Amino acid sequence: MSDPTSPVSDPTSATGDRSAGRDRSLLRGAFVLPMDRPRRLIEGGSVLLEGDTIVAVGPDEEVAADARSAGATVVDLAGHAVLPGLHNCHLHSGLLRGTAESLSLWDWLETYVDPAHRALTPEIAAVASRQCYAESVLAGTTSVMDMWRHMAGSAAEAEAIGLRATLVPYVADVEGYDYFETLATNRALLESHRTAAGGRVRTWVGLEHLMYCTPGCFADAAAMAAEFDTGLHTHSSESLWEVQESLKRWGRRPIEVMYERGILGPSTVIAHCVWLDDREIRILAETGTSVAHCPCSNMKLSSGPARVGALRAAGVAVGLGSDGEKENNNLDLLEEMKVASLLQKVSTLDPTTGDPWDVLTMATVEGARVLGLDAVTGSLEPGKRADVVAVDLRGLHTTPVLRGADSNVAAHLVFAASGRDVTDVWVDGVRLVDTGRPTTFDVASVRADAQAAAEELFARRAALSPG
Ligand SMILES: [Zn+2]
């Protein structure tokens, strides 16, 4: 289990009185899901924000009686669910969606994805992050872990848009993969952006993949993460081929190889983890390593179903990830929750798995724990940062909304709602989406820039392709 006192220290610690004398907002009349304890739903609930901090959560009358509610800006959220901002624990910014479908994983990587990496420029990479972060915020995601390239540009985009971002450069050093990031460029980003934007933006150490990185690269990456007191992120055990190849090359399964190479621990997050045996699950649990589960990607690339129930039962923290825009093809974590639930149900043939509250937990408080942010965010609790999302439940697809013993709000969020139902988003108390409209970017210009950057990327890729 990830240690809540994780060594990933962060200046955004939720202690200290940053809120005194700041603007206050009273979000009221909502179905509030604080996610601070199991299955807690406040019908007719309020959340009081002061500056960047949550100062009160409870029934409307109780919070209205709090002296700090006097004079607050009132946001009436009747008919809405209010929940903590969602955490996307595995994302790759990009501009490739829909361009290479129905291919095998390695064919897809070698024929389409890697040539696009060769053609990528820092300017195109930044525009890709802008689009992906803007899309994320509009769909209720307040925190992303993005594994991408040329990430000083991603840092600037995250700072401008206002979401929380953990930046993880893709590092690879095996011959033939020299167009990825290097330990030197990862170090440079750590030096410039170990934390930025008041702690909202952080840099971790990233390793692309077991087959793309030498043993020395793993050792140096672990040492660099320790030196900067930061986290480490990589992929593993996504396809069966990868497990077979690991056994052939090293006589060990991938998680065993990673353990031997010294990268597992409470500050390490591994994406996918589809093909794990019981011993590998034990290794993850005993080392406190966390997992980013990417159900859409696992289904779309025919990777297989991760053993989410076994991982969480063993005490491994599991967050949700969209994976890249090209593997999904959207960054809608409300939809990801539905797919996560359905994949568990169909792969285990057990309809009691994939409970809505369990997947809500993974998308919120457990996702924050995966990212070492649970002291700061992930639940609606006094003292935590004001990362809050409102979801409109007044659509035909979310009707009826029932109360008390018949409550269906959690099920609506997971199975019926989508990111398009998100109306309001706050990060650090800043209202990034106000009744459906973004306040820090213009959708039309993000779209125009992404269109132009993608056309440039594909032209560059064609020019680089042999023949
Ligand atoms: Zn990935």
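Let me begin with a definition: the expected span of a helix is 1.5 Å times one less than its number of residues. Please keep in mind that the model in front of you is a predicted one.

With that rule we can look at helix 6, residues 215-227, whose 13 residues should span 18 Å, and the C-alpha atoms at its ends are indeed 18 Å apart, so expectation and model agree. Within this helix, C217, F218, A221, M224 and A225 are buried, and because these residues cover an arc of only 130 degrees around the axis, they sit on the same side of helix 6. On the other side we find A226 and E227, which are exposed. The buried residues are covered by several elements, including helix 5 (183-193), strand 11 (205-207), strand 12 (232-236) and helix 8 (254-260). After helix 6 comes D229, which has a positive phi, near 50 degrees.

Now let us turn to the metal site. Which residues coordinate the zinc ion? They are H90, H92 and H235, each through NE2, together with D323 through OD, at 2.0 to 2.4 Å. The angles subtended by these four donor atoms run from 88 to 177 degrees, and therefore the arrangement counts as irregular. Along the sequence, the spacing of the donor residues reads H-x1-H-x142-H-x87-D. Since H92 lies in the loop between strand 6 (86-91) and helix 2 (105-119), while H235 belongs to strand 12, this pair ties together parts that are 143 residues apart in sequence.

Are these two histidines, H92 and H235, buried or exposed? Buried means under 20% relative accessible area, so H92, at 2%, counts as buried, and H235, at 6%, counts as buried too.

Key:
Residues are numbered from 1 along each chain as its sequence is written. This is a predicted model: local features need pLDDT of at least 70, side-chain atom pairs count only at pLDDT 80 or more; totals for chains, interfaces and linings use all residues. Side-chain values use heavy atoms; hydrogens and water are left out. Helices (H or I, at least four residues) and strands (E, at least two) are DSSP runs, numbered from the N terminus. Buried means under 20% relative accessible area, exposed over 50%, partly exposed in between (1.4 Å probe, protein chains only). The arc is that of the directions from the helix axis to the C-beta atoms. Contact means heavy atoms within 4.5 Å. Donors are N, O and S atoms within 2.8 Å of the metal (3.2 Å for Na, K and Ca); water is not among the atoms, so sites may look incomplete. Four donors count as tetrahedral if all angles lie between 85 and 135 degrees; four count as square planar and six as octahedral if opposite donors are over 155 degrees apart and all others between 65 and 115; anything else is irregular.
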